[in-house]
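Here are some exercises to work through with the model open beside you. Try each task yourself before reading its solution.

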Amino acid sequence: MSSEYAEALISLRKEALSCSNENRFVIDLEDGSKRLTLARDDDDNFPECVQKNVLKISKQFDKIDQFINITADEQRIDFHQLATRTHLHTYLSQPGRENSLIHDNVNLLSVPFHTDKGLYLLLTPSEMYPLKIVSKEGDVIDMEKTDTSVICLMGTGLTEWLLPDLGLFSPPHAVPALEYPSARTVLARMKVAPLDARNINSEATFGEHFYSVLHQSAKTTMEQRHLERVRRQVDHDISQHWPGQVSQQNVTGDN
């Protein structure tokens with residue numbers, strides 16, 4: 001991406017730490033850190049303290065949206081006119097990690113491996129604490145990208161709900177644990193279909209697929225904590241919705 005994008009990302013990281021907003025959604029994470037989230041369905045409605053740089057980054061996201069299309073059954077599917085949900089996440093490490101929520105040998109992760117239920121996700125990189133993904137071959141990879149990069153991940157709304165027969169892959173991804181004192185800020189935008197949308201490859205509406213994780217039973221305490229966080233997000237505000245499913249892969253985040 002352009003140097004303007006990188007400059008906006010660097011500035012946003014500083015602004016997000018000092019920007020106070022009573023609507024921030026705060027959750028405790030697996031490593032004892034906290035995640036503060038500002039979320040909007042409309043990028044223009046972010047607080048003034050971060051809006052300028054959010055819009056600069058969002059314009060670059062818009063350019064990427066124009067190029068994301070898939071041809072299936074000789075029909076081209078364009079996504080750029082569909083709705084989005086944008087989240088500004090700031091992860092803050094906390095002192096006294098011995099009092100953290102660490103269980104189940106997930107002490108190397110802040111957010112456990114999970115897949116998102118949207119169509120696809122665009123997000124900014126973090127050079128200090130790069131996103132971890134599981135490849136189609138099962139390898140754990142650190143997404144070590146520069147500030148001129150954008151990460152694009154397919155969600156199960158695309159790979160399982162809309163186009164299950166194309167062999168597309170929605171990678172489980174996780175956030176590494178933060179050392180104290182440190183912070184990690186990313187801007188993420190999820191592309192979603194209308195909740196009542198249907199397609200010939202699924203009996204469920206997109207909304208039923210998107211929220212299906214809320215009705216699943218947890219098999220481990222880690223999954224249970226993850227589900228509790230997701231349900232808190234859904235109960236908080238519609239713009240906070242971020243359903244994800246903890247991966248069943250036996251990966252703890254260590255290469």
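**Exercise 1. Helix H5**

Task: find which residues of H5 are buried, and what covers them.

Solution. Step 1: Met222, Glu223, Arg225, His226, Leu227, Arg229, Val230, Gln233 and Val234 are the buried residues of H5. Buried means under 20% relative accessible area, with exposed over 50% and partly exposed in between, using a 1.4 Å probe and protein chains only. Helices (H or I, at least four residues) and strands (E, at least two) are DSSP runs, numbered from the N terminus.

A word on the model before going on: it is predicted, so local features need pLDDT of at least 70 and side-chain atom pairs count only at pLDDT 80 or more, while totals for chains, interfaces and linings use all residues. Residues are numbered from 1 along each chain as its sequence is written, and side-chain values use heavy atoms, leaving out hydrogens and water.

Step 2: the cover over these residues includes E1, E2, E6 and E13, where contact means heavy atoms within 4.5 Å.

Step 3: check the length. The expected span of a helix is 1.5 Å times one less than its number of residues. For the 16 residues of H5 that gives 22 Å, which agrees with the 23 Å between its end C-alpha atoms.

**Exercise 2. The six-stranded sheet**

Task: work out the order of the strands in the open sheet of six, and which strands stand at the edges.

Solution. Step 1: the order is E1-E2-E5-E12-E7-E10, with antiparallel pairing. Two strands pair if DSSP finds at least two bridges between them.

Step 2: the edges belong to strand E1 (25-28) and strand E10 (151-154); each has a single partner strand, so one side of each lacks a neighbour in the sheet. From one strand to the next, the twist averages 25°.

Step 3: look at the E1 edge. Four bridges join E1 to strand E2 (residues 34-40) in the antiparallel sense, and Ile27 has Arg35 in E2 as its bridge partner.

Step 4: add the helix. H5 (residues 221-236) packs on this sheet, touching E1 and E2, and its direction makes about 170° with that of E1. Axes here are lines fitted to C-alpha atoms, for helices over the stretch in contact, and angles run from 0 to 180 degrees between N-to-C directions.

**Exercise 3. The five-stranded sheet**

Task: trace the open sheet of five strands and find where H5 touches it.

Solution. Step 1: the strands come in the order E9-E8-E11-E6-E13, paired antiparallel. Strand E9 (140-142) and E13 are the edge strands, each pairing on one side only. The twist averages 35° from one strand to the next.

Step 2: H5 packs on this sheet by touching E6 and E13, with its direction at about 170° to that of E13.

Step 3: turn to strand E6 (residues 109-116), where eight of eight residues are buried. E6 runs antiparallel to strand E11 (residues 173-176), with three bridges between them; Leu109 has Pro176 as its partner in E11. Three bridges also pair E6 with strand E13 (residues 244-246), again antiparallel, and there His114 stands opposite Val246.

**Exercise 4. Two buried basic side chains**

Task: for Lys132 and Arg189, decide whether each is buried or exposed, and find a polar partner for each.

Solution. Step 1: Lys132, in strand E8 (residues 132-134), has 9% relative accessibility and therefore counts as buried. Its side chain makes a polar contact of 2.9 Å with that of Asp142. A polar contact is a pair of N or O atoms within 3.5 Å; within protein, one must be able to donate a hydrogen and the other to accept it, and residues adjacent in sequence count only if both atoms are side-chain atoms.

Step 2: Arg189 lies in strand E12 and, at 4% relative accessibility, counts as buried too. The side chains of Arg189 and Asp62 are joined by a polar contact of 3.0 Å.

Step 3: leaving aside neighbours within four places in sequence, the residues in contact with Arg189 include Ser58, Phe61, Asp62 and Asp65.

**Exercise 5. Helix H2**

Task: find where H2 bends, and by how much.

Solution. Step 1: H2 (residues 48-67) has 20 residues and reaches 30 Å from first C-alpha to last, close to the expected 28 Å.

Step 2: the bend is about 30°, at Val54; it is the angle between axes fitted to the seven residues ending there and the seven starting there.

Step 3: Val54 is also one of the buried residues of H2, which include Ser58, Phe61 and Asp65. Their cover includes helix H1 (3-18) and strand E12 (183-191).
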